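The paragraphs that follow walk through a predicted model, beginning with a single strand and widening out from there. Please keep the sequence and the coordinates open beside the text while reading.

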Amino acid sequence: MRIKSITIHNFRPFYGTQKAEFSVDDNQNVTVVHGENGGGKTSLLNAFKWCFYGITDFDKEDVNLINEHALSSAGMGATLEMWIAVDFIRDDRVYTAKRTQFYKKLDGMEYQPAGGGNFDLSFIDRSGEHQKITNSQTHLNQILPEKLHTYFLFNGERIERLAFPSAADEIRDAIRSLMGLEIVDRAKSHLTNKVAKYFRGELAKYSHGDIVAAINEVDQLTEKMEQKKDELQTQERNLNSYENDLQYISNELKAYDETSYLESQRNDYLTRLAQIEEDMESINKDLSQFIREKGFLVFLDNAVAATESLLQERRKKGELPFAVKKQFIDDLLTKMECICGTHLQEGSEARIQVSKFRQTVSSDVIEEAFITTSGLLNEFNNTRETVFSHISDLLFKKKTQLTRRDEYQGKLEDISGKIKNTAHQEAVDLERKREELQGKRDFANALIYQIKNELDNYRKQLEKARVKQGQAHDDNEKARIARKRLSIVEECERSISDLQERLAYKTKNELSKRVDDTFRKILQKNYWAEIDDNYRLQTFKEIPGQEKQLVVGKSTGESQVTSLSFISSIVSLAKMQHSKEDSDFFKGGVFPIVMDSPFGSMDPTYKKAIANYVPQLADQVIMFVSRSQWRGEVENECKNRVGRHVSLIYNAPTVGKESFYFRSGAQFECAKLEEGYDG
Amino acid sequence: MQDSSDGINTTPLIRHIVAEILKIEMEYQNYQDLSHHKDKEKQLCDSIIQLIEREIKS
């Protein structure tokens with residue numbers, strides 16, 4: 001799919017009708033949209049989102065989507081029309097996606113929607129006629145899935161978040177959408193919540209007494225578990241968003257001169273603190289394992305002493321260990337000769353005496369038990385002496401770590417205080433926000449812990465209730481069949497869970513390989529990238545003769561390269577899926593990439609590396625850049641692959657700094673789209 | 001469609017039923033959020049129930 005053009009009418013800064021065309025060429029597949037900050041680039045990106053899905057994601061909430069000049073110049077009670085149309089080519093067909101919304105002007109700048117929005121998808125058939133597609137939104141979603149839109153319509157300055165550990169869920173979700181795994185998720189949910197419940201109901205109908213009670217219990221517990229799983233998902237989502245926001249604040253604080261050093265120091269302390277927590281956890285584990293294995297020795301004081309004295313007594317009496325073994329007597333009787341030389345003839349008195357002696361010697365089992373017990377008693381005695389010292393060693397280590405933890409927590413409080421005392425008001429506000437977020441994050445963590453415990457409890461209860469439910473001897477045919485059907489449904493649930501895991505794992509590995517290929521092509525360093533088993537996008541460093549080393553504290557440039565590699569891999573995997581005729585659930589697609597400011601404040605090395613790879617990111621790339629981002633490395637690397645240039649011109653009665661992209665003298669503020677650029 | 005349930009460690013009967021369940025689910029994939037289409041969700045679940053009843057008659 002390639003985007004031919006976008007036409008915007010009265011949306012955000014675009015007054016009246018504005019149109020931009022994009023390159024659909026195979027080789028010159030890049031279109032550059034030039035514009036300065038504040039010139040309408042974010043609105044243009046949102047114009048695509050609004051047209052395709054009816055959504056926007058501006059930084060500020062409650063922005064007016066309708067153009068303000070169109071609104072202010074309309075009379076009270078007038079109807080205003082806002083629409084966006086995108087023409088695109090797919091499988092040699094030209095489609096038009098058009099979303100329209102009417103508004104009614106109220107008093108002043110007040111307005112309200114007039115009816116619901118309208119979305120149409122149509123295409124031009126072979127005879128040149130426009131054909132409307134019924135169920136337009138669903139059809140568009142099959143071409144450009146909404147769930148994946150953040151990977152082909154995105155703000156380049158924000159993509160680095162994908163390289164943060166907190167993006168694991170987002171990556172997992174992308175993989176699910178990419179393989180159409182939502183279908184499998186839905187099947188599992190329907191089996192658990194509806195189908196199994198139905199057959200349990202059938203079984204209850206033909207059963208009685210305890211079985212009915214057990215069935216009801218299974219029903220209630222299943223429902224409770226599903227509710228808890230939803231709660232868990234919500235809290236995990238909250239946690240991720242807090243982690244993301246905290247990471248952004250940290251990056252912002254690192255960027256201010258007044259707080260840069262303090263923030264780096266804080267990150268260093270936080271890393272150490274995490275290490276201390278890890279060490280404490282390991283000490284706690286050691287302690288509990290040691291107490292589990294050796295703790296009993298502390299209470300064995302009397303028992304060991306009593307057993308020892310008993311054995312000593314027997315030893316003194318010569319009863320243990322036996323000097324003479326049973327086998328030795330047997331050998332004498334077989335040879336018919338005693339050690340003193342007496343002939344042990346059958347029936348003789350001497351033979352009878354020797355045979356009697358055989359009865360009194362110990363059995364091999366007792367003999368062995370004696371040896372083992374003596375050995376253990378020795379070991380117990382030796383170990384018992386070290387139990388207390390080992391436990392106090394571990395407790396001492398734990399105390400040391402607790403002191404270190406308090407020390408670092410104190411240092412972190414100092415840093416927070418210092419930041420709040422700087423003259424930089426934005427930094428002070430960010431620090432306050434950070435504290436607030438940290439509180440929310442800790443609360444979410446506590447809730448997650450609690451919910452997981454509750455889930456564990458429900459799981460155990462459910463297992464017991466299922467055992468009870470399965471213990472019945474069905475005394476009628478209907479109950480027997482219902483039970484058989486129920487067990488088939490439960491088996492299907494298990495198989496579908498396996499399938500979910502298998503497909504997700506397969507896609508993760510495939511995606512991981514592609515991420516690494518792209519990453520190496522862009523970065524050309526001894527680094528590689530992969531998606532680990534926890535769905536985190538990680539980068540590693542190769543050090544000759546050493547094991548691979550995780551790159552912690554990636555620079556913004558490295559994070560952006562990692563994230564772009566991931567996005568490019570998603571787009572290429574979707575394309576591959578599209579070319580497969582027998583794809584599992586998801587037909588894939590050929591997605592263009594529309595990205596706003598992918599170069600941000602990146603240093604020249606990364607800028608050059610990414611710019612060089614831009615044309616390969618997807619079959620079609622539309623990128624929005626400012627003059628400073630374009631000039632230099634980006635222009636040099638991309639210019640031969642650019643098929644079109646479009647300029648975003650900001651017009652106003654007066655502008656701060658007049659330039660090709662900022663023009664004064666207009667009657668009102670508005671943005672216009674023009675072919676070409678200030679090259 | 002490729003048999004996506006292939007490779008699952010289970011019996012041929014379960015594999016067959018799982019594949020049929022997924023086919024039914026795919027027929028309803030156009031309804032992105034089934035919680036807004038309760039009638040369709042009921043239809044879908046009824047189809048799965050009928051499938052199980054058909055496959056397990058005795």
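A convenient place to enter this predicted model is strand β3 of chain A, which spans residues 30–34 and is mostly covered, since 5 of its 5 residues are buried. The side chains divide between two directions, with Val30(A), Val32(A) and His34(A) pointing one way from β3(A) and Thr31(A) and Val33(A) pointing the other way, and all of them are buried.

The neighbours of this strand can be followed on the backbone. Strand β14 of chain A, residues 621–625, pairs with β3(A) in the parallel sense over 5 bridges, and within that pairing Met623(A) of β14(A) stands opposite Val32(A). A parallel pairing over 5 bridges also joins β3(A) to strand β15 of chain A, which covers residues 642–652, and here the bridge partner of Val32(A) is His645(A) in β15(A). Val32(A) therefore serves as a useful reference point, being a buried residue by the cut-off of under 20% relative accessible area, with Met623(A) opposite it in β14(A) and His645(A) as its bridge partner in β15(A).

His645(A) leads on to another residue of the strand, His34(A), which is placed in strand β3 of chain A. Is His34(A) buried or exposed? With a relative accessibility of 2%, His34(A) counts as buried, because the cut-off for that class is under 20% relative accessible area. The side chains of His34(A) and His645(A) are joined by a polar contact of 2.8 Å. When neighbours within four places in sequence are left aside, the residues in contact with His34(A) are Val625(A), Trp630(A), His645(A), Val646(A), Ser647(A), Leu648(A), Tyr661(A) and Tyr677(A).

Another piece of strand architecture in chain A is an open sheet of 3 strands, arranged in the order β10-β11-β12 with antiparallel pairing. Its edge strands are β10 (527–531) and β12 (549–550) of chain A, each of which pairs on one side only. Between β10(A) and strand β11 of chain A, residues 537–541, the antiparallel pairing runs over 5 bridges, and Ile531(A) has Leu537(A) in β11(A) as its bridge partner.

The aromatic residues offer another route through the model. How many aromatic pairs does a search of the whole structure find? The search returns 17 aromatic pairs over all chains. One of these is formed by Tyr15(A) and Phe668(A), an edge-to-face pair with 5.0 Å centre to centre and 80° between the planes. This pair links distant parts of the chain, for Tyr15(A) belongs to strand β2 (residues 14–21) of chain A whereas Phe668(A) lies in the loop between β16 (662–664) and β17 (670–675) of chain A, 653 residues apart. Tyr15(A) itself is partly exposed, with a relative accessible area of 31%. Tyr198(A) and Phe199(A) likewise form an edge-to-face aromatic pair, with 5.1 Å centre to centre and 80° between the planes. Within this pair Tyr198(A) counts as partly exposed at 32% relative accessibility, while Phe199(A) is buried with a relative accessible area of 1%. Elsewhere, ring pairs link Phe22(A), Phe48(A), Phe52(A) and Tyr53(A) into a cluster.

Charged side chains also meet aromatic rings in chain A. Arg93(A) lies over the face of Phe123(A), at 3.8 Å from the ring centre, and the charged end of Lys98(A) sits over the ring of Trp83(A), 4.4 Å from its centre.

Turning to the cysteines, a disulfide is a covalent bond between the sulfur atoms of two cysteines. The count in this model comes to 0 disulfides over all chains. Cys670(A) is buried, with a relative accessible area of 7%, and Cys45(B) also counts as buried at 5% relative accessibility.

The view can finally be widened to whole chains. The secondary structure of chain A comes to 17 helices and 17 strands, and buried residues make up 45% of its 679 residues. For contacts in chain A between residues at least 6 apart in sequence, 68% join residues at least 24 apart. Chain B, in turn, has 2 helices and 0 strands, and buried residues account for 40% of its 58 residues. In chain B, 38% of the contacts between residues at least 6 apart in sequence join residues at least 24 apart.

How values were computed: Residues are numbered from 1 along each chain as its sequence is written. Chains are lettered from A and ligands numbered from 1 in the order in which they are written. This is a predicted model: local features need pLDDT of at least 70, side-chain atom pairs count only at pLDDT 80 or more; totals for chains, interfaces and linings use all residues. Side-chain values use heavy atoms; hydrogens and water are left out. Rings of Phe, Tyr and Trp (its six-membered ring) pair if their centres lie within 6.5 Å; planes under 30 degrees apart count as stacked, over 60 as edge-to-face and the rest as tilted. Helices (H or I, at least four residues) and strands (E, at least two) are DSSP runs, numbered from the N terminus. Buried means under 20% relative accessible area, exposed over 50%, partly exposed in between (1.4 Å probe, protein chains only). A charge sits over a ring if NZ of Lys or CZ of Arg is within 6 Å of the ring centre and within 35 degrees of the ring normal. Two strands pair if DSSP finds at least two bridges between them. A disulfide is a pair of cysteine sulfur atoms within 2.5 Å. A polar contact is a pair of N or O atoms within 3.5 Å; within protein, one must be able to donate a hydrogen and the other to accept it, and residues adjacent in sequence count only if both atoms are side-chain atoms. Contact means heavy atoms within 4.5 Å.
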